Amino acid sequence: MLSLDLTGKTALVGGSTQGIGLASAQALASLGAACILISRNEEKLLEAVKTLDVKAGQVHGYLVADYANPDNVRTVVEGFVQKNAVHLLINNSGGPAAGPVLLAKPEEFLQAFNQHLICNHIITTLVVPGMKAAGYGRIINIISTSVKIPLNGLGVSNTIRGAVASWAKTMANELGQFGITVNNVLPGATSTERLDAIIKNKSAKTGASLEAVEKAMMEEVPARRFGKPEEIAAVVAFLASPAAGYVNGTSIPVDGGRTGSI
């Protein structure tokens with residue numbers, strides 16, 4: 001039987017003080033992984049670490065880094081990997097502001113590109129040597145279902161998320177021979193602060209009540225509800241495990257069936 005056990009593995013988890021990032025760290029810890037949380041808010045990091053399972057005797061920690069500053073991310077993560085092996089990398093960061101693509105300013109694309117693709121690339125290139133040495137690596141990118149079908153009103157996000165998905169597929173082709181897999185998890189509408197912001201934005205622009213916007217969004221989902229962060233995290237945890245060793249280069253929607261493509 002293939003194993004889900006992550007005992008002895010160390011995970012770096014981005015954007016992990018709340019939402020999908022925190023739920024992913026909690027799921028990985030429940031399987032025995034030692035989790036190093038990454039965020040810019042040290043106070044929230046301290047609280048998040050306290051929620052992680054330690055039944056396997058693992059020691060968790062955190063790194064304070066701001067994804068809006070790629071040089072800062074490089075310095076912080078480089079300092080960690082010089083002394084520690086990383087087996088699991090969960091690339092995750094808050095999404096760009098909503099809005100039509102034609103109203104987006106060039107600097108908004110550049111900022112989002114740096115925050116998502118460049119920071120992902122910096123961290124990945126830093127941890128890959130250790131993964132190669134261990135003969136085991138899992139790189140999992142939390143992106144969006146917009147890489148399958150662009151979402152209305154998310155012009156910058158659609159553009160940058162697509163770039164990250166293409167980057168990840170290219171990386172998967174290059175790293176598969178070393179026992180390292182690269183996969184994307186594509187959350188649909190999930191109950192997080194990000195979704196709350198999207199609902200409020202739609203309400204403000206359309207004049208519809210928050211309840212009406214929420215109901216309309218749920219009706220687009222065959223499951224007729226929003227996802228829970230823990231449901232996204234369960235897929236992340238499986239992809240991180242030895243059992244998922246032959247899953248590579250994929251983009252997996254976790255969206256209650258909303259995405260219209262096969």
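In which strand is N91 found?

**View 1. N91 and its strand in the predicted model.** In this predicted model, N91 is found in strand β4, which is made up of residues 88-91. The relative accessibility of N91 is 2%, and because residues under 20% are classed as buried, N91 counts as buried.

**View 2. The side-chain pairing of N91 with N141.** The side chains of N91 and N141 are joined by a polar contact of 2.9 Å. N141 also appears among the residues that N91 touches once residues up to four places away in sequence are set aside.

**View 3. The residues around N91.** Leaving out residues up to four places away in sequence, N91 touches N120, I123 and T124, the run I139, I140, N141 and I142, and also W167.

**View 4. The chain that surrounds this site.** The chain contains 8 helices and 7 strands, and its radius of gyration of 18 Å is close to the 18 Å that the globule rule gives for 262 residues, so the chain is as compact as a globular protein of that length. The C-alpha trace spans about 55 × 40 × 40 Å along its principal axes, and buried residues make up 48% of the 262 residues. Of the contacts in the chain with a separation of 6 or more, 75% are between residues 24 or more positions apart.

**View 5. Surface and charge of the chain.** The chain exposes about 12,400 Å², of which carbon and sulfur atoms supply 55%. There are 22 positive and 20 negative side chains in the chain, and the centres of these two sets lie 5 Å apart.

Notes
Residues are numbered from 1 along each chain as its sequence is written. This is a predicted model: local features need pLDDT of at least 70, side-chain atom pairs count only at pLDDT 80 or more; totals for chains, interfaces and linings use all residues. Side-chain values use heavy atoms; hydrogens and water are left out. Helices (H or I, at least four residues) and strands (E, at least two) are DSSP runs, numbered from the N terminus. Buried means under 20% relative accessible area, exposed over 50%, partly exposed in between (1.4 Å probe, protein chains only). A polar contact is a pair of N or O atoms within 3.5 Å; within protein, one must be able to donate a hydrogen and the other to accept it, and residues adjacent in sequence count only if both atoms are side-chain atoms. Contact means heavy atoms within 4.5 Å. The radius of gyration is taken over C-alpha atoms; the globule rule is 2.2 Å times the number of residues to the power 0.38. Accessible areas come from the Shrake-Rupley method with a 1.4 Å probe; for residues, only the protein chains shown count as cover. Lys and Arg count as positive and Asp and Glu as negative; His and the chain ends are not counted. The place of a charge is taken as NZ of Lys, CZ of Arg, CG of Asp or CD of Glu.
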